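Got your viewer open and a cartoon view switched on? Let's take a walk, one selection at a time.

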Amino acid sequence: MLDAWIFDLDDTLYPERDYVLGGFRAVAAWAERRTGLSQAVVRAQLQTLFDAGFRRDAFQWWLSEQGLTEALLPEMVEVYREHAPQIAFYPDSEAALERLKNGHRLGLLTEGRRTAQEAKIRSLGLERWMEAVVVLGEEDRAEWKPCRKAFDRILARLGVGGERAAYVGDNPCKDFRGAREAGMRAVRIRREGGLHAEEEPAAAQDAPDCEILNLAEIPGLFR
């Protein structure tokens, strides 16, 4: 039996798409005030771009399609980054955390813009379950996953050796290599509709030890 379970955040405990669409709603409201365009139309246009695969450059493409100056881009990005997230757990997340908390130490390891990730954590109330939370912000980019240092940091916070811990994430590009290098078990949860659900590991080192579809499967792993 393991002593600790450590979780990724986005598309592991809640649907990241919900956060993105919430950001688009905020940007659409800003666009209506700033440019006079209908926020309903702007929201639909941004979602169409996102669904077509435009992720980091969706705002640039939208500005170009509307014939608007790219000088508006910093304002759009700021509105998106600072919006108050309206997100909720996947149906299986809260029950799994509640069950695992009895007998295990729980931790959260995530990265990105610090204010945005911390806002998501507050919105979900994750402090209720997590003994240790590590948010790697822009200033920590050198240690972002898949770097092993990120995993060593959360293990140190929990006071648990890697061989007694598992990491649960969704992204084969970054979630499993560092965890395995730190001696942890690596579990992939493949969420339907997740942003990385269709991606596969680029190399054997990036592969998880096992894959699940629901967090309710966790208690039966690694016995």
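Which residue in β4 does Ala 4 stand opposite? Select Ala 4 and look across to β4: the residue opposite is Ala 165. Before we go on, keep in mind that this is a predicted model.

**Stop 1: the sheet**

Now select the strands. You should find an open sheet of 6 strands, in the order β3-β2-β1-β4-β5-β6, with parallel pairing. At the edges sit β3 and β6 (210-212), and each of these pairs on one side only. Turn the view to look along the sheet: from one strand to the next, the twist averages 20°. What holds neighbours like these together? Strands of a sheet pair through backbone hydrogen bonds, either parallel or antiparallel.

**Stop 2: strand β4 and its neighbours**

Select residues 165-169, which make up β4. How many of its residues are buried? The count is 5 of 5, so this strand is mostly covered, with buried meaning under 20% relative accessible area. Show the side chains next. Ala 165, Tyr 167 and Gly 169 point one way, while Ala 166 and Val 168 point the other way.

On one hand, β4 runs parallel to β1, and 4 bridges join the two. On the other, 4 bridges join β4 to β5 (residues 185-189), again running parallel. For a sample of that second pairing, click Val 168 and then Val 187, its bridge partner in β5.

**Stop 3: over to β3**

Select β2 (residues 105-111) together with β3: they run parallel and are joined by 5 bridges. Gly 107 is a handy place to click, with Ala 132 as its bridge partner in β3.

Now add some helices to the picture. Helix α6 (residues 114-124) lies across β2 and β3, at about 150° to β3. Helix α7 lies across β1, β2, β3 and β4, and runs at about 155° to β3.

**Stop 4: two loop oddities**

Stay in this area and pick the loop between β3 (132-136) and α7 (148-158), where you'll find Pro 146. The peptide bond leading from Lys 145 to Pro 146 is cis, with omega near 15°.

Then hop to the loop between β1 (4-7) and α1 (16-35), and select Asp 11. What is unusual about the phi of Asp 11? This residue is not a glycine, yet its phi is positive, at about 65°. Is Asp 11 buried or exposed? Asp 11 is buried, with a relative accessible area of 2%.

**Stop 5: a trio of helices**

Two packed helices are described by the angle between their axes and the distance between the axes. Try that on α2 (residues 39-51) and α3 (residues 58-66), which pack at an angle of about 125° with their axes 10 Å apart. That makes α2 and α3 oblique to each other, and their crossing is right-handed. To see the contact, show Val 42, Gln 45, Leu 46 and Leu 49 of α2, then Ala 58, Phe 59, Trp 61, Trp 62, Glu 65 and Gln 66 of α3. By class, that is 7 nonpolar, 2 polar and 1 charged residues.

Keep α3 and add α4 (residues 73-82): their axes come within 10 Å and cross at roughly 135°. So α3 is oblique to α4, and this crossing is right-handed too. Here Phe 59, Gln 60, Trp 62 and Leu 63 of α3 meet Leu 73, Met 76, Val 77 and Tyr 80 of α4. This contact divides into 7 nonpolar, 1 polar and no charged residues.

Note on methods: Residues are numbered from 1 along each chain as its sequence is written. This is a predicted model: local features need pLDDT of at least 70, side-chain atom pairs count only at pLDDT 80 or more; totals for chains, interfaces and linings use all residues. Side-chain values use heavy atoms; hydrogens and water are left out. Buried means under 20% relative accessible area, exposed over 50%, partly exposed in between (1.4 Å probe, protein chains only). Axes are lines fitted to C-alpha atoms, for helices over the stretch in contact, and angles run from 0 to 180 degrees between N-to-C directions. Angles under 35 degrees count as roughly parallel, over 145 as roughly antiparallel, 65 to 115 as roughly perpendicular and the rest as oblique. A crossing is left-handed if the near helix is turned anticlockwise from the far one by less than a right angle, and right-handed if clockwise. Contact means heavy atoms within 4.5 Å. Ala, Val, Leu, Ile, Met, Phe, Trp, Tyr, Cys and Pro count as nonpolar, Asp, Glu, Lys and Arg as charged, and the others, Gly among them, as polar. Two strands pair if DSSP finds at least two bridges between them.
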